[in-house]
Amino acid sequence: MEFYLDTADVAEVKRLAAVLPIKGVTTNPSIVARGKRDITSVLEELASLLPADSTLFAQVIAREPAAMVEEALKLREVIPELVVKVPVTHNGLNAIKQLTQLNIPTLGTAVYGAGQGFFAALAGASYIAPYVNRIDSQGGDGIGLVTELQKLIGLHCPDSKVLAASFRTPRQVLDCMLAGCQAITVDPQVAEMFLLDPAVDDALKRFDHDWSAAFGTLAL
């Protein structure tokens, strides 16, 4: 299971990497733009603070296949092991096929349909990213789509992985993992929701109270 943070906030990654068992970081143009920093410096900083076996993802901005490939090559000059995110469009599929022939790993992104994602896997994408919450927000069934896509890939493209993205609740994340997803990327705030439960704090306070009442100290 690969667990990623979906952010370009270097400080947040540094803080949470010390706590959570993350495999790496995914970014996209909107996330990077919010930080108003160039992608090169962001990727370099992330690579410097994460373990050597971590994986980073960055997305191409270009829309024509040749320009997508050229941009992917430039990104790989910054981070040689980078996984290049490519939107799954007609041109994107063309670029994914070309990058696969160059042995450059890709992630097919902006996936809103199981068939769309499956085409990306057939084109050679290492990862496929369905947008779970965005699909739900449009009246669709994000978890259902993930389940279908996971089955298609398991049957026909076992070398590809569903990397589910776009979450608002921990429940959505858990349902994707229960559907068999081998990779997940979540916003830091959603990631922390797994650990932020008032009942946990109450339990710890009760332990402290009972122990200190019996022994007069919190030390063993």
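**Entry 1: the pocket**

I began with open space, and the largest pocket holds about 630 Å³. This is a predicted model, so I keep that in mind for every entry below. I then asked which residues sit closest to the centre of the largest pocket. They are D6, N28, I31, R34 and D187, out of 33 residues that line the pocket.

Next I looked up which elements give two or more residues to that lining. I found two strands, β5 (106-111) and β8 (183-186), along with the helices α2 (29-35), α7 (132-137) and α10 (188-193). Helix α2 gives the most, with 5 residues. By chemistry, I noted 14 nonpolar, 10 polar and 9 charged residues in the lining of the largest pocket.

**Entry 2: helix α8**

I moved on to α8, residues 142-156, and checked its length. With 15 residues at 1.5 Å a residue, α8 should span 21 Å, and its end C-alpha atoms are indeed 21 Å apart, so the two agree.

Which residues of α8 are buried? My list reads G142, I143, L145, V146, L149, Q150 and I153. Looking down the axis of α8, I see these buried residues within an arc of 150 degrees, so they line one face of the helix. On the face turned away from the buried side of α8, I noted K151 and L155, which are exposed.

I also wanted to know what covers the buried residues of α8. The cover includes the helices α6 (114-123), α7 and α9 (170-178), and the strands β6 (127-130) and β7 (161-164).

**Entry 3: helix α6**

Since α6 turned up in the cover of α8, I went there next. The buried residues of α6 are A114, G117, F118, A120, A121 and A123. What covers them includes α5 (90-101), β5, β6 and α8. So α6 and α8 each appear in the cover of the other's buried residues, and β5 also gives residues to the lining of the largest pocket. Just after α6 comes G124, and I noted its positive phi, near 115 degrees.

**Entry 4: A120 up close**

I picked one residue of α6, A120. Is A120 buried or exposed? Its relative accessible area is 0%, and buried means under 20%, so A120 counts as buried.

Leaving out residues up to four places away in sequence, I found that A120 touches V88, L93, I96, G108, A125 and I128. Last, I checked A120 against T147, which is 27 residues away along the chain. Their C-alpha atoms are separated by 16 Å.

Definitions and conventions: Residues numbered from 1 in each chain as written. Predicted model: local features only at pLDDT ≥ 70, side-chain atom pairs only at ≥ 80, totals over all residues. Heavy atoms only, no water. 1 Å grid on protein atoms, 1.4 Å probe; cavity = no way out; pocket = protein on both sides within 12 Å on 5 of 7 lines; lining within 4 Å. Points joined across faces, edges and corners; volume = space filled by probe spheres on them. Helix = DSSP H or I, 4+ residues; strand = E, 2+ residues; numbered from the N terminus. Nonpolar A, V, L, I, M, F, W, Y, C, P; charged D, E, K, R; others polar. Expected span 1.5 Å × (residues − 1). Buried < 20%, exposed > 50% of the residue type's maximum accessible area, 1.4 Å probe, protein only. Arc of directions from axis to C-beta. Contact = heavy atoms within 4.5 Å.
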